[in-house]
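Got the viewer open? Here's a short tour, with something to select at each stop.

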Amino acid sequence: EHVPCSPGRFTGTMRSHDLHVVVGLVAVVALVIICTQVLAFARIEEPALFGTDEWNRVVDWLQSRGGMVDRRVALVDAGVRGRDVLATADIPNSTTLVRIPASAVVTSEVARASSEVARSVYERWLQAFDDQPQFSFGSDSTRSPLLEVNQEQLVAVYFLLDEKTKGAASPWAAWLAVLPTSYPSVPFGWGADELRCLGDEERKVRSSQQRIREAVQALQNIPGAGRYSWADFVWAFSTVLSRSHGVTEHGASIIGFCPVADMFNHAGDQASATWWYNEEVAEFVVQTTRAISAGEVVTVSYGSKRAIDFLVDYGFVDSAAPVEVTLRLWSDDQMCPVDQLRLSSKAPVVDAQDWQQVMSCARRHAQERDGETDLAEVERTARRWIGRVAESATAGLPQGRGDAEVPCAQLTKGKVAVLNAVAQFGGLRPEPVPGYERHTELVVQGLVESVA
């Protein structure tokens with residue numbers, strides 16, 4: 001007989017039935033707590049859709065121009081990576097995700113037709129070209145600074161600024177609304193302290209900045225061209241660097257913007273989609289190369305480039321891309337034709353002829369200084385010395401600051417892996433850099449082969 005619990009009656013051991021009830025209640029409560037935590041975690045981990053209305057508008061805009069975007073993909077906020085294209089449902093292999101007709105591709109010709117400012121910039125560039133001295137080359141002081149800048153890039157910069165100024169009145173407003181508002185990791189916008197971490201590429205970026213500044217100054221008197229700040233030009237030029245594509249116009253290969261396709265991020269060999277410009281039907285296409293699961297980021301490949309090129313052009317470092325390091329050997333030896341070794345994490349690691357010249361210098365130094373004639377011992381000594389040079393170079397690698405801190409840290413990690421491999425080759429046996437074991441293997445193998 002079941003006896004209800006009451007303060008006066010419950011003085012002994014809990015009955016079996018009551019125990020089962022309590023255990024059941026505890027289990028239910030525990031299940032509720034677990035489910036609540038799981039749901040909360042899911043909410044935290046679920047990527048946030050980037051401006052759903054903005055994304056829908058650019059998709060509708062593209063379709064109104066005869067293009068197409070598969071509704072199973074959406075733009076999401078990816079934190080420090082910016083944005084990702086996410087599959088919201090399972091997508092089979094060989095599915096066309098995006099089609100961008102010529103009417104929606106922004107080439108130089110299209111930009112000039114849409115923007116009066118861009119058209120005036122183009123005409124001024126042509127005038128400068130026609131007015132240049134007949135035999136003007138390089139940095140001739142009479143040469144217009146406009147001719148130091150790629151004409152297509154210059155027109156694209158002013159097109160972006162002018163159309164953005166038009167706001168909703170621009171026929172490109174829907175696409176412009178989903179572009180990033182800044183590119184802090186693209187080196188073109190960096191200052192002197194930040195650029196130091198680029199090593200040999202610092203001069204290239206500084207030169208680009210200077211050329212753009214001089215071209216902008218030369219165009220100030222064009223109506224509508226003088227109202228923009230340097231920050232505006234940094235945004236526009238960084239957009240051109242990181243988001244333009246190679247397309248075909250009148251049979252010629254040119255650069256252009258392909259709205260929506262420019263939202264796909266790079267994954268190299270791990271990419272789940274590919275893209276190309278179909279000249280037969282004059283449209284840019286993005287298509288899956290394998291089945292993609294719901295919740296997976298859809299990626300493409302930006303091609304084979306050096307790690308530094310990915311950083312300078314796109315603002316990120318691909319850890320699978322080859323890293324190059326210049327190892328400076330001596331600075332005051334006029335008898336040695338090679339005073340440095342250019343090393344790469346991808347074979348061939350070093351030019352065989354350069355290596356032979358370096359070893360020839362090492363042998364000469366050993367013979368003149370120590371009277372050493374044992375070539376095998378000279379080679380071992382030279383390898384140890386080069387290993388120590390690599391160790392010293394590792395300690396002297398510049399560090400990134402500000403906006404450059406994260407991408408430069410990634411680039412430096414790759415350089416450390418290469419230099420550690422050279423030190424290992426010299427017999428110093430440093431620890432390999434995690435994630436760069438393959439780099440180390442290639443460098444050591446390449447150096448050994450160059451010796452052989």
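Start by selecting tyrosine 158, which counts as buried because its relative accessibility is 0%. Keep in mind that you're looking at a predicted model. Now add phenylalanine 233, also buried, with a relative accessible area of 3%.

What kind of aromatic pair do tyrosine 158 and phenylalanine 233 form? Turn the view until you see both rings: the pair is edge-to-face, 5.5 Å centre to centre, with 70 degrees between the planes. Colour the two helices and you'll see that the pair links distant parts of the chain. Tyrosine 158 sits in helix α5 (residues 151-166), and phenylalanine 233 in helix α9 (residues 230-243), 75 residues apart.

Next, pick tryptophan 175 and phenylalanine 257. Their ring centres are 5.4 Å apart and their planes meet at 45 degrees, so this pair is tilted. The tryptophan belongs to helix α6 (residues 173-176) and the phenylalanine to strand β6 (residues 252-257), so parts that are 82 residues apart in sequence get tied together here. Both tryptophan 175 and phenylalanine 257 are buried.

**Into the core**

Zoom out a little and look for the largest nonpolar core, which has 124 residues. Which of its members touch the most others? Select Tyr158, Leu160, Trp175, Val286 and Leu327 to see them. You've already met two of these, Tyr158 and Trp175. Then highlight α13: this helix gives the most to the core, with 9 residues.

Stay with valine 286 for a moment and show what surrounds it. Leaving out residues up to four places away in sequence, valine 286 touches Thr95, Thr96, Leu97, Val98, Ala261, Phe264, Ala273, Thr274, Trp275 and Val300.

One name in that list, Trp275, leads to the next stop. Select Trp275, Phe284, Tyr302, Phe310, Tyr314 and Phe316 together: they form one aromatic cluster.

**Over to the sheet**

Switch to cartoon view and find the open sheet of 4 strands, in the order β1-β4-β9-β8, with antiparallel pairing. Which strands stand at the edges? They are β1 (68-69) and β8, each with a single partner strand, so one side of each has no neighbour in the sheet.

Now zoom in on β4 (residues 96-101) and β9, which pair in the antiparallel sense over 5 bridges. To find one residue pair, select threonine 96: its bridge partner in β9 is glutamine 287.

**Two arginines over rings**

Show side chains again and select arginine 65 with tryptophan 172. The arginine lies over the face of tryptophan 172, at 4.5 Å from the ring centre. Then jump to arginine 112, which lies over the face of tyrosine 122, at 3.8 Å from the ring centre.

**Last stop: two loops**

Most residues other than glycine have a negative phi. With that in mind, select alanine 282, whose phi is positive, near 55 degrees. You'll find alanine 282 in the loop between β8 (273-278) and β9 (283-288). Its relative accessibility is 27%, so alanine 282 counts as partly exposed.

Finish at arginine 429, where phi is also positive and near 55 degrees. Arginine 429 is in the loop between α13 (405-425) and α14 (437-451). Is arginine 429 buried or exposed? Turn on the surface to look: it is exposed, with a relative accessible area of 60%.

Notes:
Residues are numbered from 1 along each chain as its sequence is written. This is a predicted model: local features need pLDDT of at least 70, side-chain atom pairs count only at pLDDT 80 or more; totals for chains, interfaces and linings use all residues. Side-chain values use heavy atoms; hydrogens and water are left out. Buried means under 20% relative accessible area, exposed over 50%, partly exposed in between (1.4 Å probe, protein chains only). A nonpolar core is a set of buried Ala, Val, Leu, Ile, Met, Phe, Trp, Tyr and Cys residues joined through side-chain atoms within 4.5 Å. Contact means heavy atoms within 4.5 Å. Rings of Phe, Tyr and Trp (its six-membered ring) pair if their centres lie within 6.5 Å; planes under 30 degrees apart count as stacked, over 60 as edge-to-face and the rest as tilted. A charge sits over a ring if NZ of Lys or CZ of Arg is within 6 Å of the ring centre and within 35 degrees of the ring normal. Two strands pair if DSSP finds at least two bridges between them.
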